[in-house]
Amino acid sequence: LPLLLRANQHPPFEERDCDICHEDRTNDELSDPEICLDCHDTPDPTGGHSIAKVGSKKCVDCHSPHASQQDYLLKAAVQ
């Protein structure tokens with residue numbers, strides 16, 4: 001599995017605690033930002049996640065919920 005693992009891992013994924021996000025949720029529900037907000041604070045008030053910038057996007061549009069080579073679990077295509 002080493003080739004599948006990325007430098008930056010979301011703690012539940014790293015700890016193999018999948019149920020924190022996945023238990024009793026459908027695939028559609030897994031892309032709902034409310035799941036992220038169960039553990040994470042509202043978007044960064046410093047402007048990194050201003051409503052104007054994020055709009056109606058979902059967290060998983062830009063962030064990998066599991067692991068990434070990019071800081072902040074950003075997907076490679078997002079810069």
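Helices (H or I, at least four residues) and strands (E, at least two) are DSSP runs, numbered from the N terminus. The model is predicted, so local features need pLDDT of at least 70 and side-chain atom pairs count only at pLDDT 80 or more, while totals for chains, interfaces and linings use all residues. Residues are numbered from 1 along each chain as its sequence is written, and side-chain values use heavy atoms, with hydrogens and water left out.

**View A. The protein chain combines five helices with two strands.** Along the sequence, these elements of the protein chain appear in the pattern β-α-α-α-α-α-β. The protein chain has 79 residues, of which 11% count as buried. Buried means under 20% relative accessible area, exposed over 50%, and partly exposed in between (1.4 Å probe, protein chains only).

**View B. Leu 30 and Leu 74 are each paired with Val 60 in this view of C-alpha distances.** Leu 30 belongs to the loop between H2 and H3. With a relative accessibility of 22%, Leu 30 is classed as partly exposed. Leu 30 and Val 60 are 30 residues apart in the sequence, and their C-alpha atoms lie 8.9 Å apart in space. Leu 74 is part of the segment after S2. Leu 74 also falls in the partly exposed class, at 21% relative accessibility. Between the C-alpha atoms of Leu 74 and Val 60 the separation is 9.0 Å, for residues 14 apart along the chain.

**View C. Ser 68 reaches the backbone of Leu 74.** Ser 68 has its place in strand S2. Because its relative accessible area is 6%, Ser 68 counts as buried. The side chain of Ser 68 comes to 2.5 Å from the backbone oxygen of Leu 74. This is a polar contact, a pair of N or O atoms within 3.5 Å; within protein, one atom must be able to donate a hydrogen and the other to accept it, and residues adjacent in sequence count only if both atoms are side-chain atoms.

**View D. The side chain of His 63 meets the backbone of Tyr 72.** His 63 is located in the loop between helix H5 (59-62) and strand S2 (67-68). A polar atom of the His 63 side chain lies 2.7 Å from the backbone oxygen of Tyr 72. The C-alpha atoms of His 63 and Lys 75 are separated by 5.5 Å, although the two residues stand 12 residues apart along the chain. Tyr 72 itself lies in the segment after S2. Because its relative accessible area is 69%, Tyr 72 counts as exposed.

**View E. His 10 contacts the backbone of Pro 65.** The loop between strand S1 (8-9) and H1 holds His 10. His 10 is classed as buried because its relative accessible area is 15%. The His 10 side chain reaches the backbone oxygen of Pro 65 at 3.3 Å.

**View F. Arg 25 and Asp 38 form a salt bridge.** Side chains of opposite charge can pair when their charged atoms come close. A salt bridge is a side-chain nitrogen of Lys or Arg within 4 Å of a carboxyl oxygen of Asp or Glu. By this rule the model has one salt bridge. In the pair of Arg 25 and Asp 38, the distance from N to O is 3.2 Å. This pair links distant parts of the chain, 13 residues apart: Arg 25 sits in the loop between H2 and helix H3 (33-37), and Asp 38 in the loop between H3 and helix H4 (51-54). Arg 25 is partly exposed, with a relative accessible area of 27%, whereas Asp 38 is exposed, with 54%.

**View G. A patch of negative charge gathers on the surface.** Its members are Glu 14, Glu 15, Asp 17, Asp 19, Glu 23 and Asp 24. Patch residues have over 30% relative accessible area and no salt bridge; like charges are joined within 9 Å, and nonpolar side chains (Val, Leu, Ile, Met, Phe, Trp, Tyr) within 5 Å. Asp 17 is placed in the loop between helix H1 (11-14) and helix H2 (19-22). At 33% relative accessibility, Asp 17 is partly exposed. Asp 24 lies in the loop between H2 and H3. With a relative accessible area of 75%, Asp 24 is exposed.

**View H. Asp 24 and Tyr 72 have positive phi values.** Most residues other than glycine have a negative phi. Asp 24 is not a glycine, yet its phi is positive, at about 60 degrees. Tyr 72, also a residue other than glycine, has a positive phi near 60 degrees.

Notes
Accessible areas come from the Shrake-Rupley method with a 1.4 Å probe; for residues, only the protein chains shown count as cover. Lys and Arg count as positive and Asp and Glu as negative; His and the chain ends are not counted. The place of a charge is taken as NZ of Lys, CZ of Arg, CG of Asp or CD of Glu.
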